[in-house]
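Notebook open, coffee poured. I want to go through the strand pairings and then check the surface.

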Amino acid sequence: MRPFEFFRKEDIAKTILQKNDKAKFIAGGTNLVDLMKKNIEQPNYVIDVNSILSSRIEVDKNKLRIGAMSKNSSVAQNLDVLRDYSLISKAILAGASPQIRNMASCAGNILQRTRCPYFYDITTPCNKRQPGSGCSAIEGENRMNAVIGYSEDCVAVHPSDFCISLAALDARIITRNSKNKKEEIEFKNFHRLPGNTPNIDTHLPQNSIIDSIEIPKNPFGKNNAYVKLRDRSSYAFALVSVASALDLEDGKIKDSRLASGGVAHKPWRWYEAENFLKGKLPTRENFSAAADLAIKDLKPLSNNGFKKEMLHGAIITALQNSLNP
């Protein structure tokens, strides 16, 4: 790791203005420090933002608000979250380890970078790390990589479990710029597909920082589930994950939510499958038909065709688990 200068700032506007290619923000540090150790990130300055952003978790009649510096573990254990937004807790607890969850900030989790092995191996070409160098995973070891939404420039997947629950629950990202003005971005539009600029992960505006995450009040607090399939049960990233939630009325599905990780460059919503389930009975037959709709457009790479069947089964399991949370 190359030498750097470390700063703590108190003024959020001035801090944001000092963020550039030579300076990086640090919150929990669970991703940035890894990137610095691997020489993927080589900042001259590291700016601690813990003191300028909120770690409060607040609930009112309209929404859940999670401050940017809230620790993953604090959110997962919050009584209001467990009561009314339990899908978020389930997703967080499926990720990382207790030690990392105790350190990782929620804003940092959203902004974490891919765990594609070629991104972390600086001896190999990677368009996300070095634009224009090529994508080693397309013809290489791509077992963990995308099956939908990718491009010829990048097949990496987004690593967060927390983000899958946020996608399912129509969260909003609240940003703040150097003039202290706040802006709201729908979560579904926050992360980018790779296209020909896979090095740019999000639509976070220039000279801005995440201030908080808001999740609207919704009817999915009870009947929900998070299924994560991985190589080992502890501290491993998803091969495939599914967040599911059902709003049941008079024995039928009034509304539903389905989102996945491990399949694309961003958290992926299965809108067609959701629409199919509306008004249907919550039966395995209908859950299987919804899964059929989700997997029909998948385009597996050379080494990850198994994800198609795996995703199909995970969707059925998640929906069934949502009936008996």
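**Strands, a helix and a patch**

I started with β10 (residues 240–249) and β11 (residues 252–261), which run antiparallel and are joined by nine bridges. Keeping in mind that this is a predicted model, I picked one pair to look up: Leu246 has Ser256 in β11 as its bridge partner.

Next I asked which order the strands of this open sheet take. I read β9-β10-β11-β12, four strands with antiparallel pairing. I noted β9 (224–229) and β12 (268–269) as the edge strands, since each pairs on one side only. Then I looked for what packs on the sheet, and found helix α5 (residues 86–93), which touches β9 and β10. I wrote down the angle too: the direction of α5 makes about 15° with that of β9.

I moved on to another antiparallel pair, β6 (residues 172–177) and β7 (residues 182–186), and noted five bridges between them. My sample pair here is Thr175 with Glu183, its bridge partner in β7. The β6 and β7 hairpin has four residues between the strands, and I flagged Asn180 there for a positive phi near 65°.

Last stop, the surface. Which residues make the nonpolar patch of about 300 Å²? I listed Met1, Phe4 and Phe6. I placed Phe4 in the segment before β1 (5–8). Why does Phe4 count as partly exposed? I put that down to its relative accessibility of 34%, because partly exposed covers what lies between under 20% (buried) and over 50% (exposed).

Conventions:
Residues numbered from 1 in each chain as written. Predicted model: local features only at pLDDT ≥ 70, side-chain atom pairs only at ≥ 80, totals over all residues. Heavy atoms only, no water. Pairing = 2+ DSSP bridges. Helix = DSSP H or I, 4+ residues; strand = E, 2+ residues; numbered from the N terminus. Contact = heavy atoms within 4.5 Å. Axes fitted to C-alpha atoms, helices over the stretch in contact; angles between N-to-C directions. Patch = residues over 30% accessible without salt bridge, like charges linked within 9 Å, V, L, I, M, F, W, Y side chains within 5 Å. Areas by Shrake-Rupley, 256 points an atom, 1.4 Å probe, with all protein chains shown as cover. Salt bridge = Lys/Arg side-chain N within 4 Å of Asp/Glu carboxyl O. Buried < 20%, exposed > 50% of the residue type's maximum accessible area, 1.4 Å probe, protein only.
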